[in-house]
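Notebook open. I want to look up how the helices pack and how the aromatic rings pair.

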Amino acid sequence: MTKIKSITIGKLTFSKKAILTVCFGAFCFGIIFGILSFISIKTGSMFNIFLFMLFNIPVLILLKPILKKEITETN
């Protein structure tokens, strides 16, 4: 079994921590989306995209510094 150390896409190199951080962010977005979808179905109202974005802003703010350190650009 091979362990992943980094992935290179074009000029960007993603470390293992960056990959895990992106996965964690996608997981958080999915949880928030699921909760808001459930609430909108239960109440019979439309899905509020602005509320979805409002709850995702703190997640993005927390993950941005980690991703800035872990994603490097090669020349």
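I started with the packing of α1 and α2: the angle is about 175 degrees and the axes are 10 Å apart. Axes here are lines fitted to C-alpha atoms over the stretch in contact, with angles from 0 to 180 degrees between N-to-C directions. The two helices are therefore roughly antiparallel (angles over 145 degrees). Helices are DSSP runs (H or I, at least four residues), numbered from the N terminus.

This is a predicted model, where local features need pLDDT of at least 70, side-chain atom pairs count only at pLDDT 80 or more, and totals for chains, interfaces and linings use all residues. Residues are numbered from 1 along each chain as its sequence is written, and side-chain values use heavy atoms, without hydrogens and water.

Next I listed the contact (heavy atoms within 4.5 Å). Among its residues are F29, I32 and F33 of α1 and F52, F55 and V59 of α2. The contact residues divide into 16 nonpolar, three polar and two charged.

Then I turned to the rings. I found three aromatic pairs (ring centres of Phe, Tyr or Trp, its six-membered ring, within 6.5 Å). F33 and F52 have centres 5.8 Å apart and planes at 80 degrees, so I noted the pair as edge-to-face (over 60 degrees). F33 sits in α1 (residues 16-43) and F52 in α2 (residues 49-70), so this pair ties together parts 19 residues apart in sequence.

F47 and F52 also pair, tilted (30 to 60 degrees), at 6.0 Å centre to centre and 55 degrees between the planes. F33, F47 and F52 form one aromatic cluster.

Last, I checked burial. F52 is buried (under 20% relative accessible area, 1.4 Å probe, protein chains only) at 16%. F33 is partly exposed (20% to 50%) at 42%. F47 is partly exposed at 30%.

Terms used. Parallel < 35°, antiparallel > 145°, perpendicular 65-115°, else oblique. Nonpolar A, V, L, I, M, F, W, Y, C, P; charged D, E, K, R; others polar.
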